[in-house]
Structures are given as C-alpha cells and as structure tokens.
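Visitor: I'd like to learn how to read a structure like this one, feature by feature. Could you walk me through it?

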Amino acid sequence: MHPAAAIAALWQIWVVSWLAAAFWSDPVEKRAGLQAELRYRALWMVGVILLFVPAHGYVGRLRLWMPNLTEAWICVALIAIGLIFSWWARLHLGRLWSGNITAKADHHVVDTGPYGLVRHPIYTGLLLAVFATMAAKGTVWGIAGAALLTIGAVVKARLEEQFLRGELGSAYDDYATRVPMLVPFAPA
C-alpha cells in the first residue's frame with residue numbers, strides 16, 4: 001500500500017465512523033445557535049477542500065516539498081495517532097459529545113482521560129492529523145487548508161468555552177486555569 005492510499009483510508013474510516021457515532025449522544029437541552037457556528041463551519045469547509053486537493057504525483061510550483069517514503073509513513077503514523085486520540089476523547093466524553101456547541105442534561109466538566117491533558121482533545125487529535133496530512137502533501141493548498149482548519153478549531157474552541165462558562169460557571173473557570181486549551185503540557 002502506498003502512503004497516500006493509507007492516508008485516504010484513515011481519513012475515510014474516521015469520517016464514516018464519526019458520522020455513524022453521531023447517533024450515540026444525549027438529547028440537547030441548549031444550543032449556542034447556528035449563527036454563532038457559521039464562521040468556524042465556513043473555515044472548516046474551505047480548509048477541508050484545500051487540504052484534500054489531490055497532490056499525488058503533482059510536481060508543479062505549488063509543491064513546496066516532496067517527502068520521501070520514510071517521511072510519508074511517519075506522517076501516516078502521526079495521522080493515525082491524531083485520529084485515535086480524537087476518538088479516545090470522544091469515547092471518554094461519552095453521551096455528552098455533540099458536533100454542535102450544546103449543553104446536555106446533567107452537563108458537567110469532564111477533566112479526566114484526554115480532558116486532563118487538554119480542554120479540547122478532539123481538536124488536538126484532529127489538528128495533529130491535519131498537520132501530518134499537510135506535511136505528507138507538501139503543497140501550498142495543504143498549508144492553506146491546515147491553516148484554515150486550525151483557525152476554525154480555535155474559533156470553535158473559544159465559542160465552546162464562552163458557552164460552557166455560561167452554563168457551568170466557576171467549575172469551568174477552575175478547569176480552564178488547570179488544563180491547557182489545545183497543546184498538552186503547555187501553560188494553561
């Protein structure tokens with residue numbers, strides 16, 4: 001198998017499994033609203049399109065580097081680690097997970113497992129996979145896509161934090177002072 005095929009397969013498996021698991025979630029009691037979510041969703045949509053512009057075999061001036069086979073397989077491993085980390089976070093969050101910014105019944109601060117390392121471990125895992133995908137591609141489009149996806153993740157994380165502070169109050173504030181937002185072991 002070629003690294004490009006492995007990368008495509010990893011992302012396809014992740015997307016299909018992630019969408020299938022969307023039904024495994026508690027009902028929503030309160031939602032931030034679609035208007036608040038439009039900005040990061042637009043960034044993510046354009047970022048995904050740019051990140052996944054085909055680059056296999058492309059040698060034009062928009063290719064900035066060409067990873068060798070070993071480097072490409074290292075990127076595959078990093079993508080797998082990032083996607084597995086995001087799944088660990090989602091499973092650990094359990095039925096409190098939502099693809100939107102929401103509060104569920106009995107919503108509370110989860111600060112164990114991956115949530116003890118970062119406040120937004122799903123985004124952390126996905127960003128690792130996104131940057132590894134970008135590194136494997138080596139194109140201007142990949143860099144632009146990764147940049148937009150990163151900005152979108154930060155925008156959504158900040159919206160979530162604002163919403164959760166309103167819902168959970170000082171419990172979330174205490175959590176935010178102890179645990180970094182996206183980068184493990186960084187100052188909170």
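Visitor: Let's start with a helix. Which residues of α3 are buried?

Guide: Before we look, keep in mind that this is a predicted model. A residue counts as buried when its relative accessible area is under 20%. In α3 that applies to Ala72, Cys75, Val76, Ile79, Gly82, Leu83, Phe85, Ser86, Trp87, Ala89, Arg90 and Leu93. Note that Arg90 is on that list; we'll come back to that residue.

Visitor: And what do the buried residues of α3 pack against?

Guide: Two other helices: α1, covering 3-20, and α4, covering 121-137.

Visitor: How do I check the span of helix α3 against what it should be?

Guide: Take the expected span, which is 1.5 Å times one less than the number of residues. Helix α3 runs over residues 69-93, so with 25 residues it should span 36 Å. The C-alpha atoms at its ends are 36 Å apart, which agrees.

Visitor: What happens at the two ends of α3? Which residue caps the N-terminal end?

Guide: Asn68 does, with a side-chain oxygen 3.0 Å from the backbone nitrogen of Thr70. At the other end, look just after the helix: Gly94 has a positive phi there, about 65°.

Visitor: Is His92, also in α3, buried or partly exposed?

Guide: His92 counts as partly exposed, because its relative accessibility is 32%. For its surroundings, skip residues up to four places away in sequence and see what remains: His92 touches Val110, Thr112, Gly113, Pro114 and Tyr115. You can also compare sequence with space: His92 and Asp111 are 19 residues apart along the chain, and their C-alpha atoms are 10.0 Å apart.

Visitor: On to aromatic rings. How many aromatic pairs are there in the whole structure?

Guide: A search finds 9. To classify a pair, you look at the angle between the ring planes: under 30 degrees is stacked, and over 60 is edge-to-face. Take Trp14 and Trp18: their ring centres are 4.7 Å apart and their planes meet at 25°, so this pair is stacked. Both residues belong to helix α1, 4 residues apart, or about one helical turn. Both are buried too, Trp14 at 12% relative accessible area and Trp18 at 10%.

Visitor: What kind of pair do Trp18 and Trp87 make?

Guide: Edge-to-face, because the planes are at 70°, with the centres 5.0 Å apart. Trp18 is in helix α1 and Trp87 in helix α3, so this pair ties together parts 69 residues apart in sequence. Zoom out and you get a cluster: ring pairs link Trp11, Trp14, Trp18, Phe52, Trp87 and Trp97.

Visitor: You promised to come back to Arg90. Which rings does this residue sit over?

Guide: The charged end of Arg90 sits over the ring of Trp18, 4.3 Å from the ring centre. Arg90 also lies over the face of Trp97, at 3.4 Å from that ring's centre. Both tryptophans, Trp18 and Trp97, are members of the cluster we just met.

Visitor: Now salt bridges. How many does the structure hold?

Guide: There are 6 of them. The test is a side-chain nitrogen of Lys or Arg within 4 Å of a carboxyl oxygen of Asp or Glu. One case is Glu37 with Arg41, at 3.0 Å from N to O. These two are 4 residues apart in helix α2, residues 34-51, which is about one turn. Their accessibility is worth reading too: Glu37 is buried at 0%, whereas Arg41 is partly exposed at 32%.

Visitor: And where do Glu160 and Lys156 lie?

Guide: In helix α5, residues 140-168, again 4 residues apart and separated by about one helical turn. Their side chains meet in a salt bridge of 3.7 Å, N to O. Glu160 is buried, with a relative accessible area of 15%, and Lys156 counts as buried at 4%.

Visitor: Which residues are joined into one network by salt bridges that share partners?

Guide: Start from one link in that network: Arg165 and Asp173 meet at 2.7 Å, N to O. Arg165 is partly exposed at 34%, and Asp173 is partly exposed at 32%. Shared partners then join Arg119, Glu161, Arg165 and Asp173 into one network.

Conventions
Residues numbered from 1 in each chain as written. Predicted model: local features only at pLDDT ≥ 70, side-chain atom pairs only at ≥ 80, totals over all residues. Heavy atoms only, no water. Buried < 20%, exposed > 50% of the residue type's maximum accessible area, 1.4 Å probe, protein only. Contact = heavy atoms within 4.5 Å. Polar contact = N/O pair within 3.5 Å; in protein donor to acceptor, adjacent residues only side chain to side chain. Phe/Tyr/Trp six-rings, centres within 6.5 Å; stacked < 30°, edge-to-face > 60°. Lys NZ or Arg CZ within 6 Å of the ring centre and 35° of its normal.
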